[in-house]
Amino acid sequence: MEGADIFRNCKTGIDFETGICNMLANMGLDAKRVGKSDKGVDIIAITPSGYTFNIQCKFHNKSIDNSSIHQIFGGTAYYDNGGTPVVITNNTATTEARLVAKKLKVEIIADAEWTELQQVYNSKRVINHHQGLMGMIISYMVGNPDYLAIENARDNLTPQQHSEIEQFKLNLATMFDEAETHMKEAMSLQIKAAQHQQCAISLQKEALLKNIDTGIENALSGGLSMSMLFNDILNSLDTLTEEQKSELKYKLASLDNEPDRQLKSNENKPPTCPHCKSMRIKKVGCTSAGVQRYQCKECKKTFTDTSGTMLFRSKLTAEQWDGLLQGIVQNLSTTKIAKTIGIKQPTVWINRRKILAALAALYGIQDEKFVDIAECDEYYTTVSFKGKRDPEFFIKVLGRMPRHHRTLLEKLEYLEENGLLEKLEADPERLEMILHSSNSYKQGISNEQAYFKV
């Protein structure tokens, strides 16, 4: 077989390119090596009918990876000759390289293909059906030009027919793009319509309550009490027609069933995707805890009713979350909150940190500046200097030792080691205050100390 001869006679990559070029020439293709600065394309082979193959040859002692696929794909785009990108190697190709090649429509002829070609050469019959350059090689080996009837039919098309096919493909792709765009617009309008419908219902309820309040206020302002107004309504029932009575019964029945109807409506209302806000969802089983799981038909992501909320993956019930939030608002301790809602104190502490972090992320940075008068008052709080090791800061600014458990001798040694004893000897009263400061009193910082210098 010529492929085996190619590998046997090759010592360098140039030898491999020359062998492939000669093999294609024997098949009747116009194959030429590109040479230096090939931009990733080693051989350009043209069939008698004008179909082009851009070939990259890899004579390696290891498998080819994605880089070879990207090189030939970029080289084909550079030459812009309408050819099919092909990678030919004497070794194997990684699985990832084959996946990328299939996505980019790059043909690979590697160890597996050479083995198949050897079998075809020995048996003179087709094992698997191929197109492209692999199909042409098989057609040449079995001596059956009808093997590539589809490819030959394409080669025999006139330029006008080729143009019509490409135009049809372009129109078809455009139609699919437009359909996808219209579908997204329809989904967006559907979401907006649902939001407007909810807003309209809220406004309708608000207007109804306002009209009721206004009617009662007018009646009461006219000197009628609530009981008198109710009695007048009862007395006027006899004057109603049968149609008006039926309408009144319907209204009263609807008001009586309104809470249950709204509750059932909310229960049956399908959730929206928390990722892309799409309403096109479907049920896909349940979680290990028995919670219903949904999948979005747009973004293909799964979610539950609590996804995107503080109840997501939480073992706390809604009542426990309500008690936790009330405890945080009332500034109760984590221990007291834990006893109130019946959970452990570390759980309260962790969830409290999550809530505070979320509030800080939402309201920690204010984009708008103050546009009116803002007033503030002083606020006193303790200051911790834990971890500070600067002796001059404690002596000069705070006027005390860093630690109060030192003996008098240890305090003198500390001041002398840091070169502060000589400076303080000039102020005996201050030195006496520092040496005999109480061990149980930690003095804070004052304005006078902040600007005091030894």
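# Exercises on cores, a helix face, salt bridges and hairpins

Arg-280 has a relative accessibility of 31% and therefore counts as partly exposed. The model in which this value was computed is a predicted one.

## Exercise 1: The partner of Arg-280

Identify the residue with which Arg-280 forms a salt bridge, and place both residues along the chain.

**Solution.** Start from the charged side chains: Arg-280 is joined by a salt bridge to Glu-298, and the closest N and O atoms lie 2.8 Å apart. Next, locate the two ends, which belong to distant parts of the chain, 18 residues apart: Glu-298 sits in the loop between strand 7 (292-296) and strand 8 (302-303), while Arg-280 sits in the loop between helix 10 (242-268) and strand 6 (281-286). Finally, consider accessibility: Glu-298 has a relative accessible area of 31% and is partly exposed, and Arg-280, at 31%, also counts as partly exposed.

## Exercise 2: Strands 6, 7 and 8

Determine in which sense strand 7 pairs with strand 6 and with strand 8, and find the residues with positive phi in the two hairpins.

**Solution.** Take strand 6 and strand 7 to begin with: they pair in the antiparallel sense over four bridges, and within this pairing Ile-281 stands opposite Cys-296 of strand 7. The two strands form a hairpin with five residues between them, and in its turn Gly-290 has a positive phi of about 85°. Turn then to strand 7 and strand 8, which also run antiparallel and are joined by two bridges, with Thr-302 in strand 8 as the bridge partner of Gln-295. This hairpin too has five residues between its strands, and here Lys-300 takes a positive phi near 65°.

## Exercise 3: The surroundings of Gln-295

Decide whether Gln-295 is buried or exposed, and describe what its side chain reaches.

**Solution.** Gln-295 is found in strand 7. Buried means under 20% relative accessible area, so Gln-295, at 19%, counts as buried. Its side chain reaches the backbone oxygen of Lys-300 at 3.3 Å, and Lys-300 is the residue with positive phi in the hairpin of strand 7 and strand 8. If neighbours within four places in sequence are left aside, the contacts of Gln-295 include Arg-280, Ile-281, Lys-282 and Val-284, as well as Lys-300, Lys-301, Thr-302 and Phe-303.

## Exercise 4: The largest nonpolar core

State how many residues the largest nonpolar core holds, and which helix gives the most to this core.

**Solution.** The largest nonpolar core has 28 residues, and those with the most contacts inside it are Ile-20, Leu-24, Phe-53, Ile-55, Ile-88 and Leu-133. At least two residues of this core come from each of helix 2 (13-26), strand 2 (43-46), strand 3 (52-58), strand 4 (84-89), helix 5 (111-123) and helix 6 (132-142). Helix 6 gives the most, namely seven residues. To see one member in its setting, take Ile-55, which, beyond residues up to four places away in sequence, touches Leu-24, Val-41, Asp-42, Ile-43, Ala-45, Ile-72, Val-86, Ile-88 and Leu-133. Another core lies apart from the largest one and has 12 residues, among them Ile-64, Ile-69, Ile-72 and Ala-101.

## Exercise 5: The faces of helix 4

Work out which residues of helix 4 are buried, and explain why they line one face of the helix.

**Solution.** Helix 4 spans residues 95-104, and within it Ala-97, Val-100 and Ala-101 are buried. Viewed down the helix axis, these buried residues fall within an arc of 100°, so they line one face of helix 4. A general point of geometry helps here: an α-helix has 3.6 residues a turn, so residues three or four places apart point the same way. On the other side of helix 4, Thr-95, Glu-96, Leu-99, Lys-102 and Lys-103 are exposed. Helix 3 (66-79) and strand 5 (107-109) are among the elements that cover the buried residues of helix 4. After helix 4 comes Lys-105, whose phi is positive, near 60°.

## Exercise 6: Two further salt bridges

Find the salt-bridge partners of Arg-98 and of Arg-33, and compare the burial of the residues involved.

**Solution.** A search of the whole structure finds five salt bridges. In one of them, Arg-33 is paired with Glu-17, with 3.0 Å between the closest N and O atoms; this pair links strand 1 (residues 30-33), which holds Arg-33, to helix 2, which holds Glu-17, across 16 residues. Arg-33 is partly exposed at 36% relative accessible area, whereas Glu-17 is buried at 12%. In another, the side chains of Arg-98 and Glu-113 meet at 3.2 Å, N to O, linking helix 4 to helix 5 between residues 15 places apart. Arg-98 is partly exposed at 31%, whereas Glu-113 counts as buried at 12% relative accessibility.

Key:
Residues are numbered from 1 along each chain as its sequence is written. This is a predicted model: local features need pLDDT of at least 70, side-chain atom pairs count only at pLDDT 80 or more; totals for chains, interfaces and linings use all residues. Side-chain values use heavy atoms; hydrogens and water are left out. A nonpolar core is a set of buried Ala, Val, Leu, Ile, Met, Phe, Trp, Tyr and Cys residues joined through side-chain atoms within 4.5 Å. Buried means under 20% relative accessible area, exposed over 50%, partly exposed in between (1.4 Å probe, protein chains only). Contact means heavy atoms within 4.5 Å. The arc is that of the directions from the helix axis to the C-beta atoms. A salt bridge is a side-chain nitrogen of Lys or Arg within 4 Å of a carboxyl oxygen of Asp or Glu. Two strands pair if DSSP finds at least two bridges between them. A polar contact is a pair of N or O atoms within 3.5 Å; within protein, one must be able to donate a hydrogen and the other to accept it, and residues adjacent in sequence count only if both atoms are side-chain atoms.
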